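Me: Could you take me through how to read a chain's fold, a helix pair and one residue's surroundings?

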Amino acid sequence: MATNVMHGWALEVDRGPDWVFVRLNPPASSEAAPALADDLWSIVRQHMVDRIVLEMHDVDFLSSHLIGQLVLLHKRLSAGGGIMRLCGLSPSGCDVLRMAGLSPRFPNYANRDDAVRGEVAVKPR
C-alpha cells in the first residue's frame, strides 16, 4: 500500500483487480482540501481503472465541502461508466448523507470486499 499526501490528506492507495482502494486520512487541521476530487481522479487515471472504493474509516466528520468533492468525483466516474463506492462511514457520516438525500448514491459498505461485491452493510461502524 502506497501513501500519497495531497493537500494535507494522507491517501493510502492499494490496487486490486479492476479496482483501486483509497483510505482517506484527514488532515490535522480542519482546512478543506480544495482539490480532493482532482487528486482522487488522478489516482484513478494513474492506475488505469474506472472503479474506486474510498475507505472512510478514519473520517469522523463529513463537511459540506468533502461531500461536494465526493459528488464531483462520483459524477466524473459515472460519466465514463465508472463506479465509486464508500466503506467504513461513521454513523454520523451516514446520517449526514441521509439528511442530504445522498445515501442512495453513497450507500455504506462494511469493508472493501463488501463494496466490491455491492453488499450493503446493515449497520454503520
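Reply: We go from the whole chain to a helix contact and then to one residue. This is a predicted model, in which local features need pLDDT of at least 70 and side-chain atom pairs count only at pLDDT 80 or more, while totals for chains, interfaces and linings use all residues. Residues are numbered from 1 along each chain as its sequence is written, and side-chain values use heavy atoms, with hydrogens and water left out.

Me: Which pattern does the protein chain follow along the sequence?

Reply: Helices (H or I, at least four residues) and strands (E, at least two) are DSSP runs, numbered from the N terminus. Here the protein chain has four helices and six strands, in the order β-β-β-α-β-α-β-α-β-α.

Me: At what angle do the axes of helix H1 and helix H2 cross?

Reply: Axes are lines fitted to C-alpha atoms, for helices over the stretch in contact, with angles from 0 to 180 degrees between N-to-C directions. H1 (residues 36-46) and H2 (residues 64-79) have axes that come within 8 Å and cross at roughly 35°. Contact means heavy atoms within 4.5 Å, and the residues making this one include Leu40 and Trp41 of H1 and Leu72 and Leu73 of H2.

Me: Is isoleucine 67 buried or exposed?

Reply: Buried means under 20% relative accessible area, exposed over 50%, and partly exposed in between (1.4 Å probe, protein chains only). Isoleucine 67, which lies in helix H2, has a relative accessible area of 11% and is therefore buried. Not counting residues up to four places away in sequence, isoleucine 67 touches Leu62, Val96, Leu97 and Leu102.
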